[in-house]
Amino acid sequence: MTAAPDDRAERFTRELDSLKIPDPAAARSQLWIRAGVAAMAVGVALGVLAYLMSHNTSNPLVQRDALTIALTGVALAVVGSAVFLRYSLTNFLRFWLARQTFDLNEFGDRVVNGRSVTNDQSPRVKETIHDDHKNAAVARG
């Protein structure tokens with residue numbers, strides 16, 4: 001008898017809570033992600049502003065100021081992108097790791113309880129598991 005998919009999802013949520021992995025939606029990292037997106041937007045806006053500022057004047061002093069503003073915009077956009085990427089990947093990888101842990105734990109429970117892994121699997125899954133075991137044996141030598 002197989003468990004309903006909802007049971008598995010609920011159990012995953014309970015185990016996620018017991019692992020004390022913060023919910024990515026409510027964590028502080030969301031603030032950093034928003035700050036990264038804002039920095040990227042401000043960086044692009046500074047670049048556009050500097051472009052307009054430098055092309056609307058013939059004064060070299062103003063054009064140099066526009067160059068400084070443009071470089072500041074580029075730096076801000078790069079830093080914002082790095083912050084956004086760092087916290088986005090952290091959230092994704094944290095959830096992925098928790099899911100892998102859950103799946104391995106469930107697999108271990110199935111093996112320990114004496115249930116064959118291939119009993120309730122489709123033929124395609126059985127074939128894949130068989131191939132994985134064969135590949136692992138070949139890799140070990």
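This is a short presentation on one protein chain and its predicted structure.

Good morning. I shall begin with the overall fold, continue with the annotated spans and the surface, and finish with particular residues.

The model before you is predicted, so a word on confidence is in order. Averaged over the protein chain, the pLDDT is 80, and 70% of the residues score at least 70. Among the elements, helix α2 has the highest mean pLDDT, 94, while helix α4, residues 123–140, has the lowest, 58. Where pLDDT is low, the predicted coordinates should not be read in detail. My remarks will accordingly concern the other helices.

Let us turn to the fold. The protein chain contains four helices and zero strands. Followed along the sequence, the pattern reads α-α-α-α. Of the 141 residues in the protein chain, 15% are buried. About 10600 Å² of the protein chain is exposed, and carbon and sulfur atoms supply 63% of that area. How much of the contact in this chain links residues far apart in the sequence? Among contacts with a separation of 6 or more, 69% are between residues 24 or more positions apart. I shall give examples of such sequence separations shortly.

Next, the annotation. An unreviewed UniProt entry places the feature "transmembrane region" at residues 31–54 and 66–89. What does the model show in these two spans? Residues 31–54 are 100% helix and 0% strand, and the end C-alpha atoms of this span lie 34 Å apart. Residues 66–89 are likewise 100% helix and 0% strand, again with 34 Å between the end C-alpha atoms. 

Now the surface. Which residues make the nonpolar surface patch? The patch consists of Val 37, Phe 84, Leu 85, Leu 89, Phe 92, Leu 93, Trp 96 and Leu 97, and covers about 770 Å². Helix α3, residues 60–112, gives the most to this patch, with seven residues. Val 37, by contrast, sits in helix α2, residues 29–55. Val 37 counts as partly exposed because its relative accessibility is 41%, which lies between the limits of 20% and 50%.

Helix α2 also holds Arg 34. Is this residue buried or exposed? Arg 34 counts as exposed, because its relative accessibility of 59% is over 50%. Arg 34 also brings us back to the patch: its C-alpha atom is 7.6 Å from that of Phe 84, although 50 residues separate the two along the chain. Phe 84, you will recall, is one of the patch residues.

The loop between α1 and α2 offers a further example in Arg 28. This residue is exposed, with a relative accessible area of 66%. Arg 28 and Tyr 87 are 59 residues apart in sequence, yet 9.7 Å apart in space, C-alpha to C-alpha.

I come now to charged side chains. Side chains of opposite charge can pair when their charged atoms come close. How many salt bridges does a search of the whole structure find? The search finds one. In it, the side chains of Arg 99 and Asp 103 meet, with 3.9 Å from N to O. Why are these two residues about one helical turn apart? They are separated in this way because they are four residues apart in helix α3. Arg 99 counts as partly exposed, at 44% relative accessibility. Asp 103 also counts as partly exposed, at 25%.

Helix α3 contains another acidic residue of interest to us, Glu 106. Glu 106 is buried, because its relative accessible area of 17% is under 20%. Which residues touch Glu 106, once its neighbours within four places in sequence are left aside? They are Arg 8 and Arg 11. In addition, the C-alpha atoms of Glu 106 and Phe 12 are separated by 9.9 Å, with their positions 94 residues apart along the chain.

Finally, helix α1, residues 5–18, includes Thr 13. Thr 13 is partly exposed, with a relative accessible area of 43%. Its C-alpha atom is 9.8 Å from that of Phe 102, and the two residues are 89 residues apart along the chain.

To close, let me restate the main points. This predicted chain has four helices and zero strands. Helix α3 gives seven residues to the nonpolar patch, and the salt bridge is formed by Arg 99 and Asp 103. Thank you for your attention.

Technical notes. Residues are numbered from 1 along each chain as its sequence is written. Side-chain values use heavy atoms; hydrogens and water are left out. Patches are made of residues with over 30% relative accessible area and no salt bridge: like charges are joined within 9 Å, nonpolar side chains (Val, Leu, Ile, Met, Phe, Trp, Tyr) within 5 Å. Accessible areas come from the Shrake-Rupley method with a 1.4 Å probe; for residues, only the protein chains shown count as cover. A salt bridge is a side-chain nitrogen of Lys or Arg within 4 Å of a carboxyl oxygen of Asp or Glu. Buried means under 20% relative accessible area, exposed over 50%, partly exposed in between (1.4 Å probe, protein chains only). UniProt positions are given in the numbering used here, feature names are shortened, and annotations may be inferred rather than shown by experiment. Contact means heavy atoms within 4.5 Å. pLDDT is the predictor's confidence in each residue, from 0 to 100.
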